[in-house]
Amino acid sequence: MGGRAEGGGGGAAAGRARRRPRRVPRGPRPEKVPGLVGAACTLVGLIDIAAAAFPRFRASRMHALAEVLPGTLGPLSAALSLSVGVLLLLLAHGLKRRKRRAWRAAVILLPAGALAQFAYRHSVIGVLVPLLLLGLLLRHRREFAALPDPRSRWRALANFVLMGAGSLALGLAIVSAHPGRTVGDPSLSERLEHVLYGLFGAEGPVGYRGGVDWTVGYSLGALGLLTAVTTVYLAFRPEHPVARLTTDDEQRLRALLERHGGRDSLGHFALRRDKAVVFSPSGKAAVCYRVVGGVMLASGDPIGDVEAWPGAIERFMDEATAHSWTPAVMGCSETGGEVWTRETGLDALELGDEAVVDVADFSLSGRAMRNVRQMVKRIERAGYRTRVRRVRDLSDGELDRIRRAADDWRGTGTERGFSMALGRIGGPGDGDAVIATAHRDPAGDTDGGGGGDGAVADSPYGDLKAIIHFVPWGADGMSLELMRRDRSADPGMNELLITAALQAAPALGVRRVSLNFAMFRSALARGERLGAGPVLRLWRGLLVFLSRWFQIESLYKFNAKFRPRWEPRFVVYRTSRDLPRIGLAAMRAEGFVSVALPRPLARRRRPAAPCAHRDAAHGMRAA
């Protein structure tokens, strides 16, 4: 890297960054025209579908409006209205996000609808409605310039499943919408059979009077055709793979971490290979991110020189603008949040606190550490011993055994983690990482209280019973990344190994250790104090209730055992309306919510032992 023309690190650099004049906010903003066009397409699509599916709707007062909307075209009005309605619904979200391809599709679809209106119905109003919307799209065409999202051909399978399910539901509604003209009283199974036949263009077992057969048949055939055409299109269109960290990107990031890695405990997690990266023009700073559901999700502070952060943030926001992604940052520090909000005009919200233990202040002595001390002594009497080493000091065979054990002991079908997880153990260049392991000799149960008799002899991992993995945090720190234990191990493995790591830290040159992230820690702490108000107590009660499914209160209490200092972490977002979407994207990135298709043929894992803190180091270690 070059010289330090853009400034250096440390508190002085942070102070200089705060004194810089406020920049003009950059990045994507909610646009009125795309939002209006998207909402109009949604409304028109729903009305078209309702007009096609429900005869009573066409006979209502809304019939006059429905007749002039794109899709209601003479003898084939039901099928065409249904087709146009579904297509407009599919395009609406892309138009709201200013996607160029959605704009092109709408520009083709609307004049086709207008031409059909004139050819079949000679309706001047029916021609003007789509043409007015077309004119609006053409006039503001420069606002619809967003590039496509990353995609793969798996979306074709997802489209087939979702469109197929939607076609079945909508088809059942169409088949059941004509009770007065239905021959006999067909059962639900007969109606479903009729829908299935109709989607493939065949005649089903349900009969109608008064020419309704043609209306139902054309409508079902249109749904089947749309499902087939959209699936084929998605399957054969060119792929745009999700960006990944390249070897060159990783080398540049490691160079930045070597110089500035001590600033942020989450810095090393930028080396996850499922993240993409943008660098500042000088190359002295970078922002790593992943795109999930249209949300461009960064984590932690930018990497590198704080004076170069604005350049990297600007590139990040430009990339979000180009693709019409929603920008968001999870888990940035207070300094990082100040720079993000100042440079972009975004807002910030405190998300929780990171537990950081200063090694020099840690001790098992005193009443406050009584529970941890007793638990550690009890486990040691049960025959457990610990080893704390750098990854580079492990043999290849032992490292392979640790990797296999960590993978087998994972309690979930998918690897969790994004912002506070590296996703690998002992990769090239990760020799400075620290691994603490717990071992138990077969004859080590000296007090008769240990569990898992004979488990050591039967275990494919020998005497290995638990693992925790730390990644470097600059030259004198380490950050907790992963905690795993054998299902037969005694409770308290995490307390044992964290204590062992803190006690061994001085010999490793480590002065500070970042533990888990506790979401809403301040609310939990204030809510249990004497004199807390009713609103605060209600909020704490809700968090305690949610802790039944998410590690909120249990993670806070686990962290508090080690008497850490608390460092606040923030989420940076554009508008409050984006928060639910950002939250869902973060949970998907962390692995707590999966929208993947079922994998019945996937290898089933043996469930790991229940442990309130087993997944604490996965993802946000708390989400």
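A cavity is a set of grid points where a 1.4 Å probe fits but cannot get out, and its lining residues have an atom within 4 Å of a point. With that in hand, here are some exercises on this predicted model.

**Exercise 1. Describe the largest cavity.**

Start with the count: there are three cavities of 30 Å³ or more. The largest has a volume of about 80 Å³. Next, look at its wall, which is made by 14 residues; Cys288, Ser299, Gly300, Asp301 and Ile303 lie nearest the centre. Two elements, β2 (285-292) and β3 (295-299), each give two or more residues to this lining. The largest share, three residues, belongs to β2. Finally, sort the lining by class: eight residues are nonpolar, three polar and three charged.

**Exercise 2. Do the same for the second largest cavity.**

The volume here is about 40 Å³. Residues lining this second largest cavity include Leu257, His260, Arg263, Asp264 and Pro302. At least two lining residues come from each of α11 and β4 (303-304). By class, the second largest cavity is lined by three nonpolar, four polar and two charged residues.

**Exercise 3. Work out whether serine 265 is buried or exposed, and find its partners.**

First, locate serine 265: the loop between α11 (247-260) and β1 (276-279) holds it. Its relative accessibility is 1%, so serine 265 counts as buried, the cut-off being under 20%.

Now for its partners. Beyond its neighbours within four places in sequence, serine 265 is in contact with Glu354, Trp473, Ser479, Ser514 and Arg569. Its side chain makes a polar contact of 2.4 Å with the side chain of glutamate 354, and another of 3.2 Å with that of arginine 569.

Technical notes:
Residues are numbered from 1 along each chain as its sequence is written. This is a predicted model: local features need pLDDT of at least 70, side-chain atom pairs count only at pLDDT 80 or more; totals for chains, interfaces and linings use all residues. Side-chain values use heavy atoms; hydrogens and water are left out. Helices (H or I, at least four residues) and strands (E, at least two) are DSSP runs, numbered from the N terminus. Buried means under 20% relative accessible area, exposed over 50%, partly exposed in between (1.4 Å probe, protein chains only). A polar contact is a pair of N or O atoms within 3.5 Å; within protein, one must be able to donate a hydrogen and the other to accept it, and residues adjacent in sequence count only if both atoms are side-chain atoms. Contact means heavy atoms within 4.5 Å. On a 1 Å grid over the protein atoms alone, a cavity is a set of points where a 1.4 Å probe fits but cannot get out, and a pocket is an open set with protein on both sides within 12 Å along at least five of seven lines; lining residues have an atom within 4 Å of a point. Grid points are joined across faces, edges and corners, and a volume is the space filled by probe spheres set on the points. Ala, Val, Leu, Ile, Met, Phe, Trp, Tyr, Cys and Pro count as nonpolar, Asp, Glu, Lys and Arg as charged, and the others, Gly among them, as polar.
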